[in-house]
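Biologist: Please take one helix of this model and look at it closely, then follow its surroundings outward in a single connected account.

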Amino acid sequence: MLKQLNTIPDAKVCYIVLKKERCYSSYLLSDKHKLYNFVAGKLAEHTILEDVDLLVRIDKSKGKQILRDDFNNYVEKKINEKSTLRKIEIYHSYSHAWAGLQFADVLAWSKFQKVEHKNEEFIDLLEIKKEVHPVWY
C-alpha cells in the first residue's frame, strides 16, 4: 500500500508528532477530546487550500454529537485561518467501513514505528513528500 502511494502524482503526507510528556496544559491533559482536537487543529493549520471544496473524514472516535460538533467547529476555524474554502464538510465514520481511514492508520502507524521504535522500514517505502510538524519538541 505504501509503495502504491508513490505512483500518485504530487502526493504528500503530513504528520503531527506530539510529545505528550512535554504538554503542561492541565486543560488538554485532563480531556482527551480537547487534546485530540488540538492535534487535529495543528494539522489543519498546516493545510493551506485555496478556493476548493474540502471533505474531511475522520475516525468516529467521538460517540456524542456534542463532541463531534466541538471537533468540527474547532477544525473548521483552524483550517479557515490560512485557507479560503468554498465549502467544508466533516464526516465522522467508522474506520472499518472506509478504506481511506484504514490507509491513514497505516501511514500513522508507519510514522509511529519510526518515532517510537526507530524502525524506518515502513516509512522509508514512501518516496513522496513528507511533512512533519512537531508539537512540544
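**Helix α3 and its surroundings**

Modeller: In this predicted model, helix α3 covers residues 32-45, and because each residue should add 1.5 Å, its 14 residues are expected to span 20 Å, in agreement with the 20 Å that separates its end C-alpha atoms. At the start of α3, a side-chain oxygen of Asp31 comes to within 2.9 Å of the backbone nitrogen of His33.

Further along, the buried residues of α3 are Leu35, Asn37, Phe38, Ala40, Gly41, Ala44 and Glu45. An α-helix has 3.6 residues a turn, so residues three or four places apart point the same way. The cover over the buried residues of α3 includes the strands β1 (12-18) and β4 (129-135), together with the helices α2 (26-29) and α4 (65-80).

Two of the buried residues of α3, Ala40 and Ala44, also belong to the largest nonpolar core, which has eleven residues and takes in Leu54, Val56, Ile58, Phe71, Val75, Ile79, Leu85, Ile88 and Ile90 as well. The elements that each give two or more residues to this core are α3, β2 (50-59), α4 and β3 (84-93). A second core, separate from this one, has nine residues, among them Leu2, Leu5, Leu107 and Leu126. In soluble globular proteins, nonpolar side chains tend to be buried together. Within the largest core, Leu85 can serve as an example of the packing: leaving aside its neighbours within four places in sequence, Leu85 is in contact with Leu49, Val52, Leu54, Ile79 and Asn80.

Helix α3 also takes part in the lining of the largest pocket, to which β1, α3, β2, α4 and α5 (99-117) each supply at least two residues. This pocket holds about 1800 Å³ of space, and among the 44 residues that line it, Cys14, Tyr15, Leu43, Ala104 and Ala108 lie nearest its centre.

The element that gives the most to the pocket lining is α5, with eleven residues. Helix α5 has 19 residues and reaches 26 Å from its first C-alpha to its last, close to the 27 Å expected at 1.5 Å a residue. Its buried residues are Leu101, Leu107, Ser110, Lys111 and Gln113, and these pack against α1 (2-5) and the strands β1, β2, β3 and β4. Just after α5, Lys118 takes a positive phi of about 55°. The strands β1 and β4 thus appear both in the cover over the buried residues of α3 and among the elements against which the buried residues of α5 pack.

Notes: Residues are numbered from 1 along each chain as its sequence is written. This is a predicted model: local features need pLDDT of at least 70, side-chain atom pairs count only at pLDDT 80 or more; totals for chains, interfaces and linings use all residues. Side-chain values use heavy atoms; hydrogens and water are left out. Helices (H or I, at least four residues) and strands (E, at least two) are DSSP runs, numbered from the N terminus. The expected span of a helix is 1.5 Å times one less than its number of residues. Buried means under 20% relative accessible area, exposed over 50%, partly exposed in between (1.4 Å probe, protein chains only). Contact means heavy atoms within 4.5 Å. A polar contact is a pair of N or O atoms within 3.5 Å; within protein, one must be able to donate a hydrogen and the other to accept it, and residues adjacent in sequence count only if both atoms are side-chain atoms. A nonpolar core is a set of buried Ala, Val, Leu, Ile, Met, Phe, Trp, Tyr and Cys residues joined through side-chain atoms within 4.5 Å. On a 1 Å grid over the protein atoms alone, a cavity is a set of points where a 1.4 Å probe fits but cannot get out, and a pocket is an open set with protein on both sides within 12 Å along at least five of seven lines; lining residues have an atom within 4 Å of a point. Grid points are joined across faces, edges and corners, and a volume is the space filled by probe spheres set on the points.
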